[in-house]
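Here's a quick briefing for anyone opening this structure for the first time. Take a look at the display, then go through the points below.

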Amino acid sequence: MSHALLHPRDEIMQTMERIYRYRMTTTSGGNLSIRDGDGGVWITPARIDKGSLRREDMVRVGADGSVEGLHRASSEYPFHRAIYQRRPDIGAIVHAHPVALVAFSICGRVPDARLLHQARSVCGEVGFAPYALPGSDRLGENIAAAFAKGHHCVILENHGVVVGGENLQQAFQRFETLEFTAKTIIKARMLGEVRYLTDDQVALPRINVIPLLAFDRTMDAPATNQEKELRRLLCDFVKRGYRQRLLISTEGSFSARLDAESFLITPYRVDRNTVDLADVVLVRGGRAEAGKTPSRAAADHRAIYDRHPEINAIVNAYTVNATAFSVTGATFDSRTIPESYIFLREVERIPYGVQFGRPEELAARVSARRPIALLENDGVLVCGTNILDAFDRLEVMESTAEAIINGRQIGEVRPMGNDVIAELSKAFLGGG
Ligand SMILES: [Zn+2]
C-alpha cells in the first residue's frame, strides 16, 4: 500500500489506530504529527480517546501558529515544532509511552539497537533527553537538542520515546522496531548476559545474491492457479503473523516452494502488515521476478529448498522470546512439554554471519528432522512441510521460549527425561 497518496488526516488516524491496537500506547498517551509542504504541521488533538480517533479530529497548525480544526492541538505540540525546526530532514514524528521503552526511560537508560543488524540499521543510535515538564518549552529544547545530534530515536527520561522519520511510515517502523528491541533486551536479560553486535558485525553487509539477476515475467507463461493460491496463502499468513506479533513491520521473511526450481517469497522492505499478492516475489532458478526485490533471506531459502525436497515453507521470524534466546548464550531445550518436543525437536544454533553469505552451510544445518535454527542475534529460522506447518511450528517455538523464560522466574526448569523422549519419539516421530 502506498502512503504517498494518503491525506495526512488519514495517515495519522491509521497509524495511531495501529499503535493503539498493538498496545504500544495507552489511550491518553501518545501523539503523531506530519509536516506538510507549506510549513504547517498536522497533529493529533489534545485529550481525545486514541481508540476512536476520526479523521476530522486532526488539527493543523500553520507556520504562523494559526490552528485549524475541531480541537486544540496536542499539548506536546511544542516539542514537535522544536524538532522540525532543528531537523529539516524529518517529515513526521511519533511520540508514545510503550511499556518496554518506558521501562528504559524510568531507569534513565537507552536500548542498544546493535542487538540486531536490522534494528541498528532501522533505528540507528538511540539518544536521550533529560526530564522536563510535559508540554513545556524546556522539554522541547531538551528533545530537539538530542535530535540535533543526529538521532532518529530519543528516549525521554521518566516519560517515553520520540521517533522521527522522513515520513510517518518510516517513523512508525523505527518506533515499532525499537519497542521490539527493548522488549527483547528485557526478556534476554532474564536469560543471562545479552550479546550485542560489534562495530565490525554491524558494518558487515548483508549479502543478497538473488536480485542481481532478474527475469521478465511478462515474457513468461501466466501464473498458474497453484501459484495464485500459494501467493494468497503466503500473504494471509504474513499478515496473521504480524497480527500475532510473530513478525514486525520491518523484520521477518516467509517463503513457500512452488515447484522443484521455484519458490515465492516476501519482498524486501515492504510493510508486513499490508503485503499484497503482487508484492510477493517469484524466485526461479536463482533469478527473481524483474522489478521486485526479494527478502534478503532469499539466498538462504533457496539453498534450503535445493538441499531438502521435503521442506516446502520457510520463515525467518523475530519473535520477542525466541529472539531473546538468540542474543544470549542460554541453551534452548525443547523437552518442556510433549507438543514442544514433537514440533521443535533439537534446535540448532547458528553462529552470527553464516546467514549472510554461506547459504550452503546454513542449509546443511537444518532438515525436516531439525526444522528450527536459532540464528545468533538474528531471530529464528523455521522450516515446514507447508505454510501452515511452518507457521504452527513458529508459534510453538515462541510459546515454548516464553514458557521457559517465565518458568525460570518461578523455579528450576526440568526437561523431560530420556525415557519420556524415547516414548514420545516412538509414538509420534516414527523412531526409537
Ligand atoms: Zn507523552
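This is a predicted model, and its chain splits into domain 1, covering 8-191, and domain 2, covering 210-428. Let's start with how those two parts sit together, then move on to some strand pairing.

**How the domains meet**

- Measure from C-alpha centre to C-alpha centre, and domain 1 and domain 2 turn out to be 32 Å apart.
- The two domains do touch: 15 residues on the domain 1 side are in contact with 18 on the domain 2 side.
- On the side of domain 1 that touches domain 2, the elements giving two or more residues are helix 4 (117-123) and helix 6 (168-191).
- Helix 6 supplies the largest share of that side of domain 1, with 10 residues.
- As for the chemistry, this side of domain 1 is made up of seven nonpolar, five polar and three charged residues.

**Strands 11 and 12**

- Strand 11 (residues 262-265) and strand 12 (residues 281-284) run antiparallel, with four bridges joining them.
- Want a spot to look at in this pair? Find L264, which has L282 of strand 12 opposite.

**Strands 12 and 13**

- Strand 12 also pairs with strand 13 (residues 287-289); these two run antiparallel as well, joined by two bridges.
- Here V283 has A288, in strand 13, as its bridge partner.
- Strand 12 and strand 13 form a hairpin with two residues between the strands, and G285 in this hairpin takes a positive phi near 50°.

Notes:
Residues are numbered from 1 along each chain as its sequence is written. This is a predicted model: local features need pLDDT of at least 70, side-chain atom pairs count only at pLDDT 80 or more; totals for chains, interfaces and linings use all residues. Domain bounds come from an automatic or database domain assignment. Two residues are in contact if their C-beta atoms, placed from the backbone, lie within 7 Å. Ala, Val, Leu, Ile, Met, Phe, Trp, Tyr, Cys and Pro count as nonpolar, Asp, Glu, Lys and Arg as charged, and the others, Gly among them, as polar. Two strands pair if DSSP finds at least two bridges between them.
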